[in-house]
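Hello,

Here is the structure I said I would pass on. My notes on it follow below.

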Amino acid sequence: MDARRAAFAISSPSIGMPSSSDLTPAPLYLELEPSADAAAQIDHLFVFRDTGALSNRDSGRFATDLFTLSVTRCHDGDEGARVSLAPPRPGFTRRRSSFCGIVAGLGLSARPERLPGTEALAPLTLVLGRVRQGDDGLPSLVAALDDLARGLSFAAPPQTFSDRTERRRARADTGVSRRRLAATRRFRQLLGDLACNTRPLSNLALDAGYYDQSHMSASCRAFAGKPPGALRSQAAPRVFGPSLQDARLKDRLRLVIMDDCKE
């Protein structure tokens, strides 16, 4: 199955979470397909809300071949939000500390020509505060992210250059070698197969372009900090709760990470 179409859930049963009756909403990570009219460079939308549970010190960020445009709101009293653009990550990065707040944004296959201004961020900042308090604002947040994506512009594809020049340009733009980007992209595509495919790992390794299962295992440890079997065991189909059953969300969900204890 195409990794872009694979929606799956990763649960963290060892982490204590507040019950649904608590005022604090459940930590969660959502990854969604871009809208049909989004630019080709928009790979996905994401929302991450946490109180330090999902982002505990044993966790980390997977490697990615994408740029990450993030809009972060850390405290309820914040009047504004922080916007940042992170380059591709060439390897798994452990967190130095847990995260408390909410961040939403876009995964991009290319660097945008400019970051959105304060005026463009105002609607997104407002709805981030609502989703910080509960799930009712999720459809509005996704709509605000769609608007953010429509406001981005990207440079025209470069003309054909020599192989050496293209390698230099890739490293200058992303900070990562072209070979490392290709390896990270292959790993990201593998994640979808691990989550929704019950075939033997050895077969998946060959299908994904690895030499063998040990080659795939080494890649998973380098890019996710875990072997492929552990990644697969964490992934399971789930019946989504009411907050994610909204038609504006459920048909676009690619990835959901939350804790079963909260449901």
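In which strand is Thr72 found? Thr72 is found in strand S5, which runs over residues 67-73. Please keep in mind throughout that this is a predicted model.

Thr72 first, then, since the question is about that residue. With a relative accessibility of 10%, Thr72 counts as buried, the cut-off being under 20%. Leaving out residues up to four places away in sequence, Thr72 touches Ala81, Arg82, Phe99, Ile102 and Val103.

The chain as a whole

The chain has 263 residues, and 46% of them count as buried. Its secondary structure comes to 8 helices and 10 strands. The exposed area is about 13700 Å², with 51% of it supplied by carbon and sulfur atoms. Among contacts in the chain with a separation of 6 or more, 74% are between residues 24 or more positions apart.

Strand S2 and the loop after it

Leu30 has its place in strand S2. Its relative accessible area is 0%, so Leu30 is buried. Along the sequence, Leu30 and Arg254 are 224 residues apart, yet their C-alpha atoms are 7.7 Å apart in space.

Arg254 comes up again with Glu33, which is found in the loop between strand S2 (28-32) and strand S3 (42-51). The side chains of Glu33 and Arg254 are joined by a polar contact of 3.4 Å. Glu33 counts as buried because its relative accessibility is 7%.

The loop between S3 and S4

Ser59 is placed in the loop between S3 and strand S4 (60-61). Its relative accessible area is 15%, so Ser59 is buried as well. Not counting residues up to four places away in sequence, Ser59 touches Leu54, Phe92, Arg94 and Arg95. Ser59 and Ser97 are 38 residues apart along the chain, with 9.4 Å between their C-alpha atoms.

Helix H3 and the loop to H4

H3 has 12 residues, and the distance from its first C-alpha to its last is 17 Å, close to the 16 Å expected at 1.5 Å a residue. Its buried residues are Thr165, Ala170 and Thr174. These cover an arc of only 135° around the axis, so they are on the same side of H3. Arg164 and Ala172 are exposed on the other side of H3. Just after H3 comes Gly175, with a positive phi of about 80°.

Val176 lies in the loop between helix H3 (163-174) and helix H4 (178-196). Is Val176 buried or exposed? Val176 counts as buried, because its relative accessibility is 4%. Setting aside neighbours within four places in sequence, Val176 is in contact with Pro88, Pro90, Ala170, Arg171 and Leu181. Ala170 is also one of the buried residues of H3. Val176 and Arg89 are 87 residues apart in sequence, and the C-alpha to C-alpha distance between them is 8.0 Å.

Helix H6

H6 covers residues 213-224; at 1.5 Å a residue its 12 residues should span 16 Å, and the end C-alpha atoms are 16 Å apart, which agrees. The buried residues of H6 are Met216, Ser217, Ser219, Cys220, Phe223 and Ala224. Why do they line one face of the helix? Seen down the axis of H6, the buried residues fall within an arc of 160°, so they line one face. On the other side of H6, Ser214 and Arg221 are exposed. Gly225, just after H6, has a positive phi of about 75°.

Cysteines

Cys220, already listed among the buried residues of H6, has a relative accessibility of 0% and therefore counts as buried. Cys100 has a relative accessible area of 40%, so Cys100 is partly exposed. A disulfide is a covalent bond between the sulfur atoms of two cysteines. With sulfur atoms required to be within 2.5 Å, the count comes to 0 disulfides.

Regards

Key: Residues are numbered from 1 along each chain as its sequence is written. This is a predicted model: local features need pLDDT of at least 70, side-chain atom pairs count only at pLDDT 80 or more; totals for chains, interfaces and linings use all residues. Side-chain values use heavy atoms; hydrogens and water are left out. Helices (H or I, at least four residues) and strands (E, at least two) are DSSP runs, numbered from the N terminus. Buried means under 20% relative accessible area, exposed over 50%, partly exposed in between (1.4 Å probe, protein chains only). Contact means heavy atoms within 4.5 Å. Accessible areas come from the Shrake-Rupley method with a 1.4 Å probe; for residues, only the protein chains shown count as cover. The expected span of a helix is 1.5 Å times one less than its number of residues. The arc is that of the directions from the helix axis to the C-beta atoms. A polar contact is a pair of N or O atoms within 3.5 Å; within protein, one must be able to donate a hydrogen and the other to accept it, and residues adjacent in sequence count only if both atoms are side-chain atoms.
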